Amino acid sequence: MPGEVISLQTGQCGNQVGLEYWNQLAADHGILPDGTVVPDTERPLQYESSVGSTDQIANSGSLSTATDLFFTQSETSRYIPRSILIDLEPSVISKSMSKMPMFNPRNVHLSHQGNGAANNWQSGYSYGLQYQDELMDLIDRECDKCDNLSTFQLFHSVAGGTGSGVGSLLLELLNDRYGKKLMTTFSVFPSNEKTSDVVVQPYNTVLTLKRLIEYSNGTFVFDNDSLNSIENTLYGMKDASAFEGTNKLISFVAASVSNSLRFPSYMYSSYESVLSTLVPTPDLKFLTASLAPRSSSMNEHDIILELMNDKYKMNRVEEPAKYISVLDFLVGAGNNNIRNGGFNNISSNEIKKGILKSQSRLDFVPWTSKSVHVVLGKGRDIAGGSPSKFAGVQISNNTSIAGVFTKIVKQYDLLAKREAYINYYTSDNSTDERARVMDLFNECKESVVGVIDEYKACQQGNYLDDDM
Ligand SMILES: Nc1nc2c(ncn2[C@@H]2O[C@H](COP(=O)(O)OP(=O)(O)OP(=O)(O)O)[C@@H](O)[C@H]2O)c(=O)[nH]1
Ligand SMILES: [Mg+2]
């Protein structure tokens with residue numbers, strides 16, 4: 001039986017993405033920002049079965065929704081997100097609470113000092129250590145409301161102080177106490193092209209990556225450069241306030257990942273089944289997302305092919321990628337109602353044609369089954385966006401992650417070789433203390449290099465052999 005999912009939103013980025021995410025889920029389920037339900041006659045969705053199923057098409061034949069996996073209900077029947085909001089300064093969370101009063105005020109943790117972690121992983125991590133009992137109490141209380149807790153999902157950026165440092169500590173604490181539950185993360189990586197971003201970001205990123213490598217079961221990797229370029233060049237969201245557009249893109253992906261949990265059918269109705277399709281071994285768990293725009297001239301086949309286009313990738317690198325697994329979500333297809341952003345008369349033949357073509361065109365690593373899986377997702381188009389902007393989301397596990405992480409390691413090396421800014425992370429300026437911290441940092445870097453090597457090694461035919 002599919003289990004509940006608890007979200008953890010940490011830091012500015014985590015909470016801003018979290019706000020858009022719950023906005024999207026609320027829109028999908030016909031819930032208003034205060035947690036009340038849109039009256040039946042105005043509800044945006046009609047749940048009807050669409051096409052006959054095949055092995056690779058997860059069909060939407062069910063009339064039920066599983067809203068309770070993501071929301072609890074109050075005694076007055078208001079929906080409340082199963083989400084915990086953590087930040088070390090108050091402004092972002094207070095904005096979220098006023099925009100979406102459905103959030104539970106008892107699930108908020110703000111720093112008593114209220115001045116943030118100043119883009120320093122160490123400050124965030126130390127703060128978390130100091131207040132770990134308070135933080136775990138919030139989480140335990142939310143866990144107690146679950147019948148069958150399945151997954152924690154963390155929203156954060158890896159580059160600042162709070163999302164990275166407190167986020168890292170939460171990964172450790174949750175592994176200690178809830179190690180059998182799944183842990184997924186939606187992790188935003190910093191801009192490489194903008195020089196204005198904070199200089200110690202490579203340190204924060206590498207320190208966070210070490211915990212993701214150890215404790216996450218699946219990490220969705222987004223980078224702000226790729227998100228900006230999709231946003232600006234394709235969708236014209238430029239007028240939106242800072243990050244609003246990029247956060248809508250991330251949220252749309254995160255909501256798609258759980259689409260088949262929230263609108264269950266016979267396939268992919270649990271996080272476990274989604275992840276087991278995408279993550280073949282625990283060493284290969286860094287995932288790439290892409291979006292395909294909707295256009296009236298495109299049918300299902302065209303959209304499946306469009307999802308292979310590199311320009312829609314949310315963590316783009318130059319090198320060609322080899323694929324390990326691919327899961328495509330055709331968003332709104334399960335609605336079977338064009339008024340609701342669905343497709344009219346979904347054609348299983350067009351979908352099968354698309355699957356076969358993309359299977360033959362994508363370059364897969366030699367040891368996988370070379371399958372492209374398709375889910376007909378229900379739900380609405382991007383919340384608050386123009387109608388029918390997006391047609392599909394692809395989640396893939398591919399070797400481009402080696403390129404993304406190589407860039408990060410190069411930036412890290414530039415700082416580390418001169419021990420630049422290391423005094424931000426040391427308790428004093430003695431040679432011993434600097435050496436101790438550099439050793440810890442380099443250990444983290446080595447585990448990132450380990451992932452790069454793994455994504456290179458998996459391109460060999462004998463990758464799964466014992467002696468690799
Ligand atoms: N996509 C996206 N990126 C963001 C957002 N907010 C901040 N960032 C990026 O995240 C990094 C900084 O992380 P923040 O989330 O602001 O930091 P924090 O976790 O609040 O930590 P401190 O403020 O240092 O305590 C930078 O690379 C920003 O460009 C957001 O809402 N969306
Ligand atoms: Mg902050």
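The following questions and answers concern a predicted model of a protein with a ligand.

Me: How many helices and how many strands does the secondary structure of the protein have?
Reply: The protein has 468 residues, and buried residues make up 51% of them. Its secondary structure combines both kinds of element, and the totals are 14 helices and 13 strands.

Me: Among contacts between residues at least 6 apart in sequence, what percentage join residues at least 24 apart?
Reply: The count covers contacts in the protein between residues at least 6 apart in sequence. Of these contacts, the share that joins residues at least 24 apart is 80%.

Me: Which helix supplies the largest share of the shell around ligand 1?
Reply: There are 26 residues around ligand 1, and G11, C13, G160, G161 and G163 come nearest. At least two residues of the shell come from each of α1 (11-29), α5 (162-178), α7 (224-235) and α8 (244-257). The largest share is five residues, and the helix that supplies it is α1.

Me: Which class of residue, nonpolar, polar or charged, has the highest count in the shell around ligand 1?
Reply: The shell around ligand 1 has one charged residue and 10 nonpolar residues. The remaining class has 15 residues, and that class is polar.

Me: Is K180 buried or exposed?
Reply: K180 lies in the loop between α5 and β8 (182-189). S150 is 30 residues from K180 in sequence, and their C-alpha atoms are 8.8 Å apart in space. A residue counts as exposed if 12 or fewer other C-beta atoms lie within 10 Å of its own. Because K180 has 6 other C-beta atoms within 10 Å, K180 is exposed.

Note on methods:
Residues numbered from 1 in each chain as written. Chains lettered and ligands numbered in written order. Predicted model: local features only at pLDDT ≥ 70, side-chain atom pairs only at ≥ 80, totals over all residues. Near = placed C-beta within 6 Å. Helix = DSSP H or I, 4+ residues; strand = E, 2+ residues; numbered from the N terminus. Nonpolar A, V, L, I, M, F, W, Y, C, P; charged D, E, K, R; others polar. Buried ≥ 20, exposed ≤ 12 C-beta atoms within 10 Å, placed from the backbone. Contact = placed C-beta atoms within 7 Å.
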